[in-house]
Structures are given as C-alpha cells and as structure tokens.
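Hello,

Here is the structure I promised to pass on to you. Please have it open while you read, and my notes follow below.

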Amino acid sequence: MDFQPVERASEAFQRSLTAQEIGKVCRRAFGNTAAPVSAVELGTGMYNNVYRVALAGRDRPVILRVAPEEARQFRSERHLMRNEYGSVPWLAVIAPLMPQVLAVDWSHEVIGRDWMIQTHLDGVPAPEHLGTYPRTAWPSFFRQMGAVARSVHDVRGPHFGPVGGLGHGTWSEAVITSLEEIAADLDGVGLDAADVRKVAAVAAHERAVLDEVTEPGLLTGDLWTVNVMLDAGAAEPTITGVFDMDRTWFGDPAADWTIRMALAKQDERVAFWETYGDRDRSPAAVWRSLVYEVRHLGAVRLERHRLRNAAGVENTYGAVAAVLADLG
C-alpha cells in the first residue's frame, strides 16, 4: 500500500495510524478481502485524523476519519464523532450535500479509537478554490451558505444541548453546562479559567434571559468555509458539499459558529443574510450573543492550546475581558 501520513512532532495532539492499522480498519468495514491500495492523510483537519483511502476494486476512494484516543479528548469535546453520527438523521434537510456514512466502529476492538468511513465528496475545499474567483463573485457563495444554515436552523430537536447527549430541559442549562465544561478543561491543561467561570455565573444569574429561547433549533456547530466543498469547474462559486458536522447541538441558532462568522466582518459575507433572513436584534438577543461569544472564545482557547499557539491563547483573554465589560 502507498501510505502517506502527515509528519508531526511526537508531542502533537493528532496521532497518525500505521499502514497496518488502516488495513485492519478496512477489513473490519468491508470484509477480510478488502485491500487498501493507498492511504493519504489529509492535513487540513485539526482534531480527527483523516485519510483518503483507495481500495482495490472500488472506483472511488473513501474517507476514513479517526477520533483521538478517549483519554486525550476534552470533556467539552467528548465523543464528537459519535455526536456527528447521531446527527445524520437530523441533518436530512442537507443530505444531498453531505457524505454518506459507510461504516462506524465505537468498539475499540480494532485500533482502540472511534472511527468512521464516509463517501468521498466531489469538489475542491472552499479555502483553496474560493480565492480563484473574483471577489465580486463571492456574495453568491455566502448567499448559498445562508441558505444552508437557514435550512439546518429550522429543524427542531427534542432537547437542548449536544445532539448525541442526554440533553437539557432548558437552554440556560445547556449553555451554563457548556461553559462549565470548557472551564474544567482549561483547568485540566493549566490555563486560567476564571473569566469563563465568571460568565457562567452571570449566565446563571440571568438565566431567564437565556430561557426566552424555548425552541431547540439544530445548530451546525462548526459550519463555515473550511467545511465546504466547491464545484471545481463552475463559473461562480457553487457549494457541492459540507462535512465535519461533529459539533452539532440543539439550541438558539444565534449561538451557532456559523452566525458568529457571518457577523465577523462587513465584507462579502453580508450576502449571507439575504438568504438566511433577519436576525433578532433585541436587547435580550444582544446580551445572549455576548454569552455565546465567550463560549466560542473558550473553545478557541482550548483549540489554540492544543495546537501549541501560546500567543493565540493569550489573545483570547483580552477578547473575553472585552465581552465581560459589555455584559456588565
């Protein structure tokens, strides 16, 4: 087998499989005669290990995604792959854009980690291809993003919190629990979590404002350009696929990472709102958005720590302090 892993430092968070392990996974998924011809590790992801695997007798490659060992998973990111698998029926509204699941294994009998095999999406990753179009064409892309987000956010779930979890009866419980889990993870890696805990306490004191959200909409969790495929030959940016929907949860759509990114700059992305529709601009909604921002920043702090980006970690403290000043 032609095996091309990503070379990483020994202390890196992601740990590549061996060629032998990939062979074992393929045989578990497709039978003892399954023969991987090549396996190329894709280095764009920052959490799971991802491989494009070509199998003898199959016309198209498959995508193998391997979760971190459970002991290396943060409490706030536990079983993300299982959460994604549980999200598939809820994401039926965008099923034509998503990869199909071919095999999953949570048993840890083969490699000691969760893994999932999916179909290979056609197209080119948006971060690579969007820039080949003139910026005058970019609004079309963001209008498509708005339509995708709107269709997902309109799905209603049975509880608040992660799709694959037991869930919470109120939105405030889900938000406060998430903040507390992030704070505990920060403690666990030796980072100061006092600012995140302060926001959790503010949220608990003002939980009635959070609980104005009574319908749990489906949130993508992480959808933005990095998780989108584009048609390689289209005259204008055309979304052909979305992937890595492992951070889905039920709650206030305004808390979605997608909404945060749509609001991050006043550039071509303002076209997002043309298809997404109006957003709540009430004082209560603005206050809730500040709480959501700290949740995002806490997760970003953890990710930057995982990537050994000390300067990026430090920057989150100033950003949270600014939000706290606005929360009052």
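Let me start with helix α10, which gives the most to the lining of the second largest pocket, with 8 residues. Please keep in mind throughout that this is a predicted model.

**The pocket and the cavity**

The second largest pocket has a volume of about 540 Å³. Its lining is made up of 23 residues, and those nearest the centre are Ala254, Ile259, Leu263, Arg279 and Ser289. Besides α10, the helices α8 (257-263) and α9 (272-276) each supply at least two residues of this lining.

Helix α10 turns up again at the cavity. The structure holds 1 cavity of 30 Å³ or more, and the largest cavity has a volume of about 30 Å³. Trp171, Val175, Trp249, Ala255, Val291, Tyr292 and Arg295 line this cavity. Both α5 and α10 supply at least two residues each, and the largest share, 3 residues, comes from α10.

**Salt bridges**

The count of salt bridges comes to 26. Which residue does Glu77 pair with? Its partner is Arg306, and the closest N and O atoms of the two are 2.6 Å apart. This pair links distant parts of the chain: Glu77 sits in the loop between β4 (62-66) and α2 (80-87), while Arg306 belongs to helix α10 (residues 283-306), 229 residues apart. Glu77 has a relative accessibility of 3% and so counts as buried. Arg306 also counts as buried, because its relative accessibility is 9%.

Helix α10 takes part in another salt bridge, between Asp195 and Arg301, where the closest N and O atoms are 2.7 Å apart. Here too distant parts of the chain are linked, with Asp195 in helix α6 and Arg301 in helix α10, 106 residues apart. Both Asp195 and Arg301 are buried.

Helix α6 has a further salt bridge for you to look at. Arg197 pairs with Asp187, and their closest N and O atoms are 2.5 Å apart. Arg197 lies in helix α6 (residues 194-205) and Asp187 in helix α5 (residues 171-188), 10 residues apart. Are these two buried or partly exposed? Arg197 counts as partly exposed, because its relative accessibility is 40%. Asp187, at 39%, is therefore partly exposed as well.

There is also a network of salt bridges, which links Arg65, Glu84, Asp244 and Asp246.

**Strand β4 and its partners**

Arg65 of that network brings us to strand β4, where Ile63 and Arg65 point one way and Val62, Leu64 and Val66 the other, and all are buried. Since 5 of the 5 residues of β4 are buried, this strand is largely enclosed by the rest of the structure.

Which strands does β4 pair with? One is β3 (residues 49-55), which runs antiparallel to β4 and is joined to it by 5 bridges. Within this pairing, Val53 stands opposite Val62. The hairpin of β3 and β4 has 6 residues between the strands, and Gly57 there takes a positive phi near 85°. Strand β6 (residues 115-119) is another partner of β4, again in the antiparallel sense and over 5 bridges. Leu64 of β4 stands opposite Ile117 in β6.

**Glu41 and its surroundings**

Glu41 lies in strand β2 (residues 36-42). Is this residue buried or exposed? Its relative accessibility is 5%, so Glu41 counts as buried. The side chain of Glu41 makes a polar contact of 2.7 Å with the side chain of Ser16. A polar contact of 2.8 Å joins the side chains of Glu41 and Asn49. Leaving aside residues up to four places away in sequence, Glu41 touches Gln4, Pro5, Val6, Arg8, Ser16, Asn49, Val50 and Tyr51.

**An open sheet**

Finally, there is an open sheet of 3 strands, in the order β7-β10-β11, with antiparallel pairing. Its edge strands are β7 (124-125) and β11 (239-242), each of which pairs on one side only. Strands β7 and β10 (residues 228-230) are joined by 2 bridges and run antiparallel. Pro125 has Met229 in β10 as its bridge partner.

Happy browsing, and do write back with any questions.

Best wishes

Technical notes:
Residues are numbered from 1 along each chain as its sequence is written. This is a predicted model: local features need pLDDT of at least 70, side-chain atom pairs count only at pLDDT 80 or more; totals for chains, interfaces and linings use all residues. Side-chain values use heavy atoms; hydrogens and water are left out. Two strands pair if DSSP finds at least two bridges between them. Helices (H or I, at least four residues) and strands (E, at least two) are DSSP runs, numbered from the N terminus. Buried means under 20% relative accessible area, exposed over 50%, partly exposed in between (1.4 Å probe, protein chains only). A polar contact is a pair of N or O atoms within 3.5 Å; within protein, one must be able to donate a hydrogen and the other to accept it, and residues adjacent in sequence count only if both atoms are side-chain atoms. Contact means heavy atoms within 4.5 Å. A salt bridge is a side-chain nitrogen of Lys or Arg within 4 Å of a carboxyl oxygen of Asp or Glu. On a 1 Å grid over the protein atoms alone, a cavity is a set of points where a 1.4 Å probe fits but cannot get out, and a pocket is an open set with protein on both sides within 12 Å along at least five of seven lines; lining residues have an atom within 4 Å of a point. Grid points are joined across faces, edges and corners, and a volume is the space filled by probe spheres set on the points.
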